[in-house]
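Q: Please take a close look at the interface of chain B and chain A. How much area do the two chains bury between them, and which residues of chain B lose the most area to chain A?

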Amino acid sequence: MQKEMAYSFPDEVLKHVFSFIQSDKDRNAVSLVCKSWYEIERWCRRKVFIGNCYAVSPRMVIRRFPEVRSIELKGKPHFADFNLVPDGWGGYVLQWIAEMAGAYPWLGEIRLKRMVVTDESLELIAKSFKNFKVLVLFSCEGFSTDGLAAIAASCKNLRELDLRESEVDDLSGHWLAQFPETCTSLVSLNISCLGSDEVSFSALERLVDRCPNLRSLQLNRAVTLDKIANILRRAPQLVDFGTGNYAAELQPDVFSNLAGAFSSCKELKSLSGFWDVVPAYLPALYSICPRLTSLNLSYATIQSPDLIKLVSHCPRLQRLLVLDYVEDSGLEELASSCKDLQELRVFPSDPFGVEPNVSLTEQGLVAVSLGCPKLQSVLYFCRRMSNAALVTIAQNCPNLTRFRLCIIEPKTPDYLTLDPLDAGFGAIVEHCKDLRRLSLSGLLTDHVFEYIGTYGKKLEMLSVAFAGDSDLGLHHVLSGCESLRKLEIRDCPFGDKALLANAAKLETMRSLWMSSCAVSFGACKLLGQKMPKLNVEVIDETEPPDSRPESYPVDKLYIYRSVAGPRFDMPPFVWSMDEAVKILH
Amino acid sequence: MAFEKDLNLDATELRLGLPGTSDESAKNQTPATLRSNNKRALPEESMSSNATASKNCDQETAPLPKAQVIGWPPIRSYRKNNLQPKKSEGEISGIYVKVSMDGAPYLRKIDLKVFKGYQELLKALEDMFKFKAGEYSEREGYNGSEFVPTYEDKDGDWMLVGDVPWEMFTNSCKKLRIMKGSEARGLGCVVLKKGRKKNSPSA
């Protein structure tokens with residue numbers, strides 16, 4: 001029995017103190033101190049983050065936290081980005097919206113990632129929340145411009161509408177005109193994902209005109225270069241801007257107009273867009289380049305010389321996204337010009353070509369690692385790598401927190417020695433003690449997993465493809481990586497043993513994805529039986545897993561911890577290994 | 001004569017390309033006078049004279065593409081959709097274009113990237129084909145010569161070499177043709193109208 005300390009603080013005071021505690025981790029800790037703190041805390045928690053929408057039910061969230069104003073939900077597993085999760089798998093937001101509509105009338109912010117959002121959901125949001133301010137739909141799908149029209153029309157104080165990387169059904173471009181004339185509150189608008197005729201440009205101009213606080217605007221590809229100047233002149237306070245199409249016949253008056261418009265934006269720090277770039281128009285940016293901290297040129301199919309020229313004007317660059325047209329020479333220039341670089345992403349221009357189409361190799365990344373001491377986050381697609389290069393990179397950049405390397409051809413060995421790349425990745429995890437995210441590629445044996453298990457103590461997310469020799473590899477990771485939250489594996493010879501031996505570990509993680517591996521149906525059933533706090537789901541689009549012998553490997557497996565039990569919205573090709581569900585079947 | 005008339009090789013030629021790749025040339029149908037200038041001078045040309053067909057040649061000679069593994073490399077669909085189709089080798093490591101000359105029974109290939117401007121290009125062409133291009137002026141094109149350098153641009157139009165800024169030329173030139181002066185004069189009229197054409201928003 002706990003002797004109650006004489007808390008001379010009334011609840012109100014504690015509440016006030018707690019209001020300064022924003023991080024979820026700290027709030028969770030606060031709630032564990034004692035019952036009264038749990039109670040006080042839960043009444044004043046305003047923001048909830050749910051990393052897996054199936055880990056908990058809406059009812060449970062509402063019951064514990066009755067006064068939430070902001071919610072963030074994530075749905076499909078990450079590999080859905082690469083078409084590994086069949087359509088109809090799940091991640092529907094409607095049920096959440098429906099329940100929150102009744103429970104949280106003051107809900108102001110909804111952020112969703114990889115969820116299915118219907119027009120019905122959007123209409124419900126528009127109808128239910130009078131103080132709605134922020135809607136972020138990151139990589140979502142299932143809605144059309146009709147749903148957007150409902151949001152625009154009803155949300156009088158909308159601050160943020162961000163549709164980044166979502167798939168939207170084009171029905172009409174006039175939804176933008178639904179923002180009432182009285183709406184002047186927009187701070188951020190990202191419509192870069194919309195297809196051609198989905199935006200009424202005049203409505204957009206008028207909207208930009210009447211929103212003096214607009215800081216972030218990402219246009220879509222349909223907006224042509226000649227229109228950019230008009231928009232920029234209406235919004236010189238922009239901090240973050242995404243151009244549309246950056247192509248036009250070179251005309252001096254268009255150029256000077258554009259250059260002038262850019263130079264009038266004294267606070268512009270971040271640029272993106274740049275579809276179909278005509279290099280001759282890049283110098284229009286030169287006046288703002290010295291201030292730029294973030295540049296996304298990953299749609300710009302321009303060659304290395306033009307990229308080099310642009311980048312050399314941006315000494316303050318912290319973040320660069322670019323296609324591999326930048327080549328090693330461009331990255332060497334980057335390394336010498338941009339000493340503040342923290343994040344680099346290099347995407348492949350010809351991902352399915354057999355032969356390299358550009359001169360981009362491991363050398364480019366090595367150069368950046370040498371020249372940019374603040375480098376923390378790397379995503380790099382290339383066609384060859386060596387252990388020596390990886391060791392050099394690891395030694396040059398001990399502060400890496402995210403390292404994702406994709407050598408395009410699976411199982412590619414060290415091109416110099418023909419060895420597996422175990423030692424190279426081993427060096428990465430050994431030297432980069434704060435590494436939180438790692439994606440592997442190339443020829444890899446169980447040894448690399450031994451290194452990862454030994455050194456990857458802060459690793460939270462690991463992505464593995466075409467790697468390893470046996471269950472030992474998986475066992476190293478599950479038994480060694482103390483901070484592991486998300487593990488996604490495809491096409492690896494990992495089977496039942498490691499999984500069953502480390503079943504308890506799975507309850508400490510958010511989720512595990514395994515596809516085209518060697519986990520048997522029998523093992524999945526066993527796991528489902530023994531671990532009630534895990535949802536073990538088998539995905540098979542061809543036939544029911546129990547129509548084959550139990551020793552047969554399953555096609556795809558998704559395991560996640562949950563306090564909500566098995567979900568009710570599984571499509572026919574998803575089977576729950578939960579005992580209770582099986583009985584009902 | 002310098003070129004075949006209306007053999008319409010397009011319609012009959014066999015291709016290894018995907019069905020859609022013939023669209024480019026179909027889209028560029030323009031008045032007959034101009035079109036006739038596009039006709040391939042020699043049968044050998046028919047497989048590879050334009051960018052579309054040269055892609056097909058790449059497919060012929062390059063190793064067969066591997067069967068694609070689903071979801072690999074790990075790139076999001078919208079990124080794949082945003083990339084232009086694989087550029088033919090000429091566009092990355094050098095800008096190789098074919099050069100023909102009316103009356104000459106052979107073709108040559110040159111890399112536009114090695115030249116810094118029109119002066120150097122013209123000198124090289126003159127050396128290659130042993131002719132003199134004459135004086136260029138914006139108003140009147142090439143004066144006082146039997147031969148006139150022309151080029152076919154991305155839109156399928158035949159233009160006078162020298163009319164547009166060098167960089168734009170190297171980005172849009174698909175092939176060169178040194179025309180007989182008499183043919184070029186007819187071309188000159190159409191070329192003068194090019195300003196209007198070029199202003200339309202490109203696809």
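A: In this predicted model, about 3200 Å² is buried between chain B and chain A, and carbon and sulfur atoms account for 56% of that area. On the side of chain B, the residues that lose the most area to chain A are Trp72(B), Arg76(B) and Arg79(B), which together make up 22% of what that side buries. In terms of contacts, 27 residues of chain B touch 41 residues of chain A.

Charged and polar pairing also occurs here. Across the interface of chain B and chain A, 2 salt bridges are found. A salt bridge joins the side chains of Arg76(B) and Glu165(A), with a distance of 2.4 Å from N to O. Arg76(B) is also one of the residues named above for the area lost to chain A. Between the two chains, 7 residue pairs are in polar contact, both residues being at pLDDT 80 or more.

As for secondary structure, the elements of chain B that give two or more residues to the side touching chain A are α5 (77-82) and α8 (166-172). Of these, α5(B) provides the largest share, with 5 residues. Sorted by class, the side of chain B that touches chain A consists of 13 nonpolar, 6 polar and 8 charged residues.

How values were computed. Residues are numbered from 1 along each chain as its sequence is written. Chains are lettered from A and ligands numbered from 1 in the order in which they are written. This is a predicted model: local features need pLDDT of at least 70, side-chain atom pairs count only at pLDDT 80 or more; totals for chains, interfaces and linings use all residues. Side-chain values use heavy atoms; hydrogens and water are left out. Contact means heavy atoms within 4.5 Å. Buried area is the accessible area (1.4 Å probe) that two parts lose on being put together, summed over both. A salt bridge is a side-chain nitrogen of Lys or Arg within 4 Å of a carboxyl oxygen of Asp or Glu. A polar contact is a pair of N or O atoms within 3.5 Å; within protein, one must be able to donate a hydrogen and the other to accept it, and residues adjacent in sequence count only if both atoms are side-chain atoms. Helices (H or I, at least four residues) and strands (E, at least two) are DSSP runs, numbered from the N terminus. Ala, Val, Leu, Ile, Met, Phe, Trp, Tyr, Cys and Pro count as nonpolar, Asp, Glu, Lys and Arg as charged, and the others, Gly among them, as polar.
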